[in-house]
Amino acid sequence: MLQIRCKNTNTTKSFPEGTSLLDVYQEFQDEINLPYPVVSAKVNNVSQGLKFRLFQNRDVEFFDAREGSGHRAYVRSLSFVLYKATQDLFAGSKLFIEHSLCRGFYCNFKKRSGEPLTDDDVARIRTRMQEIIDLDMPFRRTEATNEETIRVFTDRGFFDKVKLLETSGQIYSDYYTLGDTVDYYYGPLVPSAGYLKVWGLERYEQGLLLRVPDWNEPDKVAEKVDQPKTFEMFAEKTRWDIIMRLSNAGDVNKAIMRGHASELIQVSEALQEKKIVQIAEEIDRRFHRKKNPVRLVLITGPSSSGKSTFCKRLSVQLLACGLRPISFSTDDYFVNRLDTPKLPNGDYDFDNVETVDHHLLGEHLARLMKGETVEVPEYNFVTGKREWNGKRLKLSGDTVLIIEGIHALNPLLTKGVSDSLKYKVYISALTSISLDDHNWIPVRDNRLLRRIIRDYNKGAYTAQQTISQWKNVCMAEEQWIFPYQETADVMFNSALNIEFAVLRIHAELILSSVPRNCPEYSEAHRLLKFIHYFLPISDKEIPPTSIMREFVGGSSFKY
């Protein structure tokens, strides 16, 4: 008999060898106090599907869809149901689950006939999805040699998955079936379609929007937030991916194997520089207009989006336009640490907008816009106090003021300045490369990897500490950053097609240092598994001015 300890209840029970997690949950169910249905579990801090069978003594913890691994398992399973529905109704069609959008997922759908998607098509797909769910069709996982799995997908013409598996270096891999439909997913699914009670499907632009449960209340569909500018930024990146023939990880790996890594780096950097030049030229044009010339550039974005380097590179291009940029960070207007808001657990809430003395900042900005000289503070992060060191600013006739920070687009900080004088930039790493047509790469994974590497290289935090803080970081972004992103005049995508191949070399050792007996190991293990889908390349050809250098080191900019 096995001894299985349930971490939800901190109790141990005996089970026969080969018992599934679903059977274990049924034994502990009455003692586990979760408000929503269980959809996934962790075994020794590694995420597993509920059909996973146990053959040794293990620690087990069960989760509903509020937890990251549970939410991902739910959304993957729902994606498979969507894919099966499209294949049942439109044989030979192609479904691309591209990226998160509007608190759901945008899907590009192409009929074999080439005809456009109609409202009737969407209604039929939605009805078929519900039929599959009502039938409670089981998701079946098959483990096979990598060669066998490749043959399964080759026979079906799924060359996106073939390229991924051919370049993954795996010996064994899994594939899933739902009825007579076969697909590949790099993480566990729920046991059967009947688990998927909460979802929606509607048309969006030329494709589909798959609506998913709310992270905090998974018995409700997440409220839709329209994001037309974000959609266009993703669409622009996707168009370039198609031109460069890099739609997924397999394409990137094949290009690396053919010796094209240098070219991919050069083109990716050139495209970003081209965009920065366009932004600088637009600011210059607005600066020189007769009525309401732009004098204030506001730059914001979530954690690890590359704000600092973008600010430096934009300043260089503004200088090339004949302007004189002056920049400072909202961090210098932090309140003294003792006055910093706190989280419910007593930790300082450094992402709260009240962390910034917005009254003083607003007063200084209003005076600067009038042409006055202002003494600005400098924040001492060692003492946790704001200092006055005689730093004075005055805007001359050719000066544009740049403010960078996570709250820069929050109108509370700049309400004393007319909107007509502002130019607002939102930056994020919006990953458009996917693992394959149905396995998108979460934007937050891109930024989390960047942050883990940067924190470790700076000696600020271990990978375990960075991962443990990430949930609070994401919650703060939802509250303080994302509500203002669509107010930006322009959006800038800091993600590079070749990025994960470069990050792999840096991330592997750092993530491997996370102890197996801590809760953060689950996320470290997942990120390691994901990053191994990309062939590694050296960062030696990444230029010193690249946004990537902000995270892997070697930047020529001083921060």
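## Salt bridges and a five-stranded sheet

Asp539 is buried, with a relative accessible area of 17% (buried means under 20%, exposed over 50%, partly exposed in between, using a 1.4 Å probe and protein chains only). This is a predicted model, where local features need pLDDT (the predictor's confidence in each residue, from 0 to 100) of at least 70, side-chain atom pairs count only at pLDDT 80 or more, and totals for chains, interfaces and linings use all residues. Residues are numbered from 1 along each chain as its sequence is written, and side-chain values use heavy atoms, without hydrogens or water.

Asp539 has a salt-bridge partner, Arg549, which is also buried, at 10%. A salt bridge here is a side-chain nitrogen of Lys or Arg within 4 Å of a carboxyl oxygen of Asp or Glu, and the count comes to 47. Here are three of them:

| Pair | Closest N to O |
|---|---|
| Arg549 and Asp539 | 3.7 Å |
| Glu31 and Lys13 | 3.0 Å |
| Arg324 and Asp398 | 3.8 Å |

Arg324 sits in strand E16 and Asp398 in the loop between strands E20 and E21, 74 residues apart (strands are DSSP runs of E, at least two residues; helices are runs of H or I, at least four; both are numbered from the N terminus). Arg324 is partly exposed at 36%, and Asp398 is partly exposed at 33%.

Strand E16 also belongs to an open sheet of five strands, ordered E16-E21-E15-E22-E23 with parallel pairing (at least two DSSP bridges between partners). E16 (324-329) and E23 (490-493) stand at the edges with a single partner strand each, so one side of each has no neighbour in the sheet.
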